[in-house]
Amino acid sequence: MFTYSIVQLARRHAARLDRPLRHALVNMYKPMMRMPCIFHRWVERWLRKWRTLSVLIEVENAEGMEAVAKAERDHFRMKVRHHFRHVPFYSARVTPAAIEQLLEHPKVKKVYLNRQVKALLNNAVPSANAKHVAVNGTELSGKGVTIAIVDTGIYPHPDLEGRIAAFVDFVNGRTTPYDDNGHGTHCAGDAAGNGRMSDGLYAGPAYEANLIGVKVLDRSGSGTLETIMRGIEWCIDYNKKNLTKRIHIISLSLGGEPQPFPIENDDPLVQVAEQAWEQGIVVCAAAGNEGPNYGTISSPGISDRIITVGALDDHDTATTRADDDVASFSSRGPTEYGVTKPDLVVPGVNIISLRAPRSFLDKMNKQSRVGDHYISMSGTSMATPICAGIVALMLQAKPNATPDEIKRALKDGADLWKGRDPNVYGAGYVNGKRAIEQLLQR
């Protein structure tokens, strides 16, 4: 098997092919194990020229860009889908022969498999000390702040009426807000539902914030590196076109298995998330639901720049913290690169928020419905938008705060358990009121 040319390609260029792509190339030979050897050489020639894989191609400069264009001209089965403007990547479908040609060029830095990425309020808001927070006699509500929910979409729920400012769909290309999975709608309510259909009971922290739905995950809650990167890139471009009504916060309740890259910033999701951060957008990302094992933080939460959110179980008690503890499922650090994560923990167990009727999760979890308009879910997916809602309150209080200032204030304002492992609890339990106080003191 090691004499096969595609296997030799994977071994020869191992440093410039990510591990999932190397495995995908080698696995092309599995069907050959069940056929006579006489056919192997013919089948291999067919595989090299005809079998395609969905990949991301990272280039170093204009020469690398031209190498991609030339490979597309030379291989009729290769098709470039998207050229990212804020990070040096292309998405494409390529054959093994095209990959080989690309890697012969020194300015093609690396090729990645376009792997799958998945989606990861009751007492949660008061437990986070983010309810009825006032500055100079005015209660903070997130008014004037916009949160982008990069997820499965947003159903136009009555609790969000008039506040879905824009919607874009990288899965089905639809133009009006919808959510065929239900996860994104729940997250939108975690951050900014106003509780209209529950007399204010199930309201998020930023109940007057605007929302933008960026659909990057499909009906089953799955997406790819490409769709998520395009969604984040769209947010960056949106701000360039809407200077007075910009996106302030991106909430990413999704994640993929981190890969053992030589350095953290080899990860494509980390690169685009940090680019958004550099452009002044606060990025909150879920730690993941792979606890209690250590070293399980999802990508892009492995980034040392953005805010990575773990989940806390408040045991449905808003007034006492004696029984609070980290949720067993919440992912733990450190990251592959030795970074302590998560940054803090936020309530994420049995969170009641908005229901998207007839969506995938709504049909699969009928027992979790709460009345006609709400549904209960658990996960770091729920903790992340609650954190994003608290960030919206902080930005309402101090509109010119930078992402780094927001992150520092959140961590400095957290309630710290003494003697607890920061790779489990981060800086501690989020305290919205204290975080705002910390921010205003700077």
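# A tour by selection

Start by selecting R420, which counts as partly exposed at 36% relative accessibility. Keep in mind along the way that this is a predicted model.

**Stop 1: R420 and its partner**

Which residue meets the side chain of R420 in a salt bridge? Add D325 to your selection: the two side chains come together with an N to O distance of 3.7 Å. D325 belongs to strand 16 (residues 325-326), while R420 sits in the loop between helix 12 (403-412) and helix 13 (422-425), so this pair ties together parts that lie 95 residues apart in sequence. Like R420, which is partly exposed, D325 is partly exposed, with a relative accessibility of 31%.

**Stop 2: other salt bridges**

How many salt bridges does a search of the whole structure find? The total is 24, and two further ones are worth a visit here.

Select E226 and R81 first. Their side chains form a salt bridge with an N to O distance of 2.6 Å. Is E226 buried or exposed? E226 is buried, at 7% relative accessibility, because the cut-off for buried is under 20%. R81 has 34% and therefore counts as partly exposed.

Now move to D343 and K341. The closest N and O atoms of this salt bridge are 2.8 Å apart. D343 is buried, with a relative accessible area of 3%, and K341 is buried too, at 0%. Extend the selection to K407 and K411: salt bridges with shared partners connect K341, D343, K407 and K411 in one network.

**Stop 3: helix 8**

Select residues 225-241 to bring up helix 8. This helix has 17 residues and spans 24 Å from its first C-alpha to its last, close to the 24 Å expected at 1.5 Å a residue. Helix 8 is mostly covered, with 13 of its 17 residues buried.

**Stop 4: an open sheet with a helix on it**

Next, show strands 18, 19 and 20. In what order do these 3 strands line up? The order is 18-20-19, in an open sheet with antiparallel pairing. Strand 18 (351-354) and strand 19 (369-370) are at the edges with a single partner strand each, so each has one side without a neighbour in the sheet.

Zoom in on strand 19 and strand 20 (residues 374-377): they run antiparallel and are joined by 2 bridges. Pick R369 and look across to strand 20, where I375 stands opposite.

Then add residues 183-192, which are helix 7. Helix 7 packs on the sheet and touches strand 18 and strand 20. Its direction makes about 105° with that of strand 18. How many of the residues of helix 7 are buried? The count is 10 of 10; among them are H183, H186, C187 and D190.

**Stop 5: strand 12 and its neighbours**

Select residues 249-252 for strand 12. I249 and S251 point one way from the strand and I250 and L252 point the other way, and all are buried.

Strand 12 has parallel pairings to show you. With strand 8 (residues 146-151), strand 12 pairs over 3 bridges in the parallel sense; I147 has I249 as its bridge partner. With strand 14, strand 12 runs parallel and is joined by 4 bridges. Select I249 again and find V282 opposite in strand 14.

**Stop 6: a buried serine**

From strand 14 (282-286), follow the loop that leads to strand 15 (307-313) and pick S299 on the way. S299 is buried, with a relative accessible area of 0%. What does the side chain of S299 make a polar contact with? Select D267: the contact is with the side chain of this residue, at 2.9 Å. Beyond residues up to four places away in sequence, S299 touches L254, G255, G256, P258, D267, L269 and V270.

**Last stop: an exposed glutamate**

Finish at E104, in the loop between helix 5 (96-103) and strand 4 (108-113). Is E104 buried or exposed? At 59% relative accessibility, E104 counts as exposed. Draw a distance to A67: the C-alpha atoms of E104 and A67 are separated by 9.4 Å, and the two residues are 37 residues apart along the chain.

How values were computed:
Residues are numbered from 1 along each chain as its sequence is written. This is a predicted model: local features need pLDDT of at least 70, side-chain atom pairs count only at pLDDT 80 or more; totals for chains, interfaces and linings use all residues. Side-chain values use heavy atoms; hydrogens and water are left out. Two strands pair if DSSP finds at least two bridges between them. Contact means heavy atoms within 4.5 Å. Axes are lines fitted to C-alpha atoms, for helices over the stretch in contact, and angles run from 0 to 180 degrees between N-to-C directions. Buried means under 20% relative accessible area, exposed over 50%, partly exposed in between (1.4 Å probe, protein chains only). A polar contact is a pair of N or O atoms within 3.5 Å; within protein, one must be able to donate a hydrogen and the other to accept it, and residues adjacent in sequence count only if both atoms are side-chain atoms. The expected span of a helix is 1.5 Å times one less than its number of residues. A salt bridge is a side-chain nitrogen of Lys or Arg within 4 Å of a carboxyl oxygen of Asp or Glu.
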